[in-house]
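Grab a coffee and work through these exercises with the model open beside you. Try each task before you read its solution.

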Protein chains: 2
Amino acid sequence: MPATPSATADPHRPDAKPRRRVGRPASAVLDQEGITAAALRLVRKSGYDGFTMAALARTLNVAPSALYNHVSSKRDVLVLVQDHLTSFVDVSAFETQPWDQAVRDWAWSYRDVFARHTPLIPVIAVLPVADAPKTLAMYEAVSAGFRRAGFPQERIIPAIVALESFIFGSAYDVTAPADIFDSGSLGAATPNFSAAVASLGDQGYTNQADVAFSLGLEALVAGFGALRS
Amino acid sequence: MPATPSATADPHRPDAKPRRRVGRPASAVLDQEGITAAALRLVRKSGYDGFTMAALARTLNVAPSALYNHVSSKRDVLVLVQDHLTSFVDVSAFETQPWDQAVRDWAWSYRDVFARHTPLIPVIAVLPVADAPKTLAMYEAVSAGFRRAGFPQERIIPAIVALESFIFGSAYDVTAPADIFDSGSLGAATPNFSAAVASLGDQGYTNQADVAFSLGLEALVAGFGALRS
DNA sequence: CCACTAAATGAATGCCATTCATTTGTGACG
DNA sequence: CGTCACAAATGAATGGCATTCATTTAGTGG
């Protein structure tokens, strides 16, 4: 039975000094699961700017170099976090709902999860699925839903990829500042754009991001729905 | 007449030593335009990994600290590069083609430009338009095209945002490795996904990215086209 | 003519990911 | 039961990075 990684960390006292003597400890302090959990906790608390290998090591009460016995790089840790987060994406609707509603539920859930983790998007987008088992499981659930809905085999992956691209791009929108469309002093030179922006009213940008996401998602669902046989 | 930034750099000889004496030079060596051009050249040659303030300074034959008289951070340089690149996006079809074809031409052009510059996407996606005049000009041209095509004012921005989200996400796909969907040893556990992947044949991934982009784009064009009055 | 400011240098600063030598414990093999 | 390979920790480098600051020099406005 491997030691639970929290066994040596005491969250009550902020002593935090790595008071462990040199050499292999009696029972292992670290493992990938513990590193992943600590990384996610750290990101939630300090954001991706505050997420450094040194800070991660500190929360685990360990020297930074110890991490490299379990992961080979910081990117490796991000991959672990990414895959873990993917398990929070809700694919259950593919079992319980008609195809179009299942896609909606999945897409919103997927966007919401990664809107809080946009620095992972460049990592996910080019990550081989073999390196991320939980992500692969999500694809399997979605693919199965598409097949049951009558999609021709060779359209399933392109449709999922297109949806995913839209989802990733939309995740960034959620985090954009509210005044992103204020043209400032240049507004006079862009009458059409400015008028279009003015017609939006002054809902928060998150809401605006939701409007755009909904609009695009409905178009994709409608367009792809027509492919079913 | 300000000095052209290439005047002091000799691309024939790789001497490269910043042999300039301390103190303000007779005529300014740097300006934002020159920095932007050099940054783009550097990125094309060395990629975003090789793009450091020190390397940029070296190509300009200048000490790194000199850059900070003209930009306030590395991010600032990236914003300059981003805005410059946006002027390469082709919006001319909005003047010459019917709306649907104009959107296609613009979207493909936009994707192709930023597929080679994906590290800029996190910057663009949350950048206020007021900080990027050429980007603003692109939005104006696109907005005008949508208005002329009969879009209701308040749908124009959401539609453009949705298209842009799809475009940014799709730009990442272009750069993904060819074997991104190989499930390796886990393939047995994901029959639906594996079958869908197998049905794709073995075209390169760039082509696969094009298939997905085309599929999604057509769905969005069709869906948004229905909004016109 | 003089003060101010702009634009360069070069020397720090502090942070970061990563590597390496070293120490110590564990488990497998003979 | 001993020893030997390996696993897992420490702590001290290493080299690179963006950025800052004091300093120097040169134009510019009053």
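**Exercise 1: Reading the DNA**

A polar side-chain atom of Arg24(A) sits 2.4 Å from a base nitrogen of DNA strand C. Keep in mind that this is a predicted model.

Task: Find which other side chains place a polar atom by a base of DNA strand C, then describe the surface near the strand.

Solution:
- Step 1. Go to chain B: Ser65(B) has a polar side-chain atom 2.5 Å from a base oxygen of DNA strand C.
- Step 2. Now check Arg24(B), where a polar side-chain atom lies 3.4 Å from a base nitrogen of DNA strand C.
- Step 3. Widen the view to the 26 residues that surround DNA strand C; Arg21(A), Arg24(A), Val29(B), Ser65(B) and His70(B) are the closest.
- Step 4. Sort that surface by class, and you get 13 nonpolar, eight polar and five charged residues.
- Step 5. Look at the DNA side: sugar or phosphate accounts for 64% of the strand C atoms within 4 Å of the protein, and bases for the rest.

**Exercise 2: Two domains in chain A**

Task: Work out which residues of domain 1 of chain A supply most of the area it buries against domain 2 of chain A.

Solution:
- Step 1. Set the bounds: the domain assignment puts domain 1 of chain A at 5-71 and domain 2 at 85-225. Their centres, taken over C-alpha atoms, are 34 Å apart.
- Step 2. Count the contacts: four residues of domain 1 of chain A meet six residues of domain 2 of chain A.
- Step 3. Take the area, about 360 Å² buried between the two domains of chain A, with 75% from carbon and sulfur atoms. Leu40(A), Arg44(A) and Tyr48(A) supply 96% of what domain 1 buries there, more than any other three residues.
- Step 4. Check the polar side of things: between these domains there are zero salt bridges and one residue pair in polar contact.

**Exercise 3: Chain B against chain A**

Task: Say which element gives the most residues to the side of chain B that touches chain A.

Solution:
- Step 1. Start with the totals: 59 residues of chain B and 60 residues of chain A take part in the contact, and the two chains bury about 4800 Å² between them.
- Step 2. Tally the pairs: the count is zero salt bridges, but 15 residue pairs are in polar contact.
- Step 3. List the elements of chain B that give two or more residues: α7 (121-125), α8 (133-148), α9 (153-174), α10 (191-198) and α11 (205-225).
- Step 4. Pick the top one: α9(B) gives the most, with 15 residues.
- Step 5. Finish with the classes on this side of chain B: 40 nonpolar, 13 polar and six charged.

Terms used
Residues numbered from 1 in each chain as written. Chains lettered and ligands numbered in written order. Predicted model: local features only at pLDDT ≥ 70, side-chain atom pairs only at ≥ 80, totals over all residues. Heavy atoms only, no water. Domains from an automatic or database assignment. Contact = heavy atoms within 4.5 Å. Buried area = accessible area lost by both parts, 1.4 Å probe. Salt bridge = Lys/Arg side-chain N within 4 Å of Asp/Glu carboxyl O. Polar contact = N/O pair within 3.5 Å; in protein donor to acceptor, adjacent residues only side chain to side chain. Near = heavy atom within 4 Å. Nonpolar A, V, L, I, M, F, W, Y, C, P; charged D, E, K, R; others polar. Helix = DSSP H or I, 4+ residues; strand = E, 2+ residues; numbered from the N terminus.
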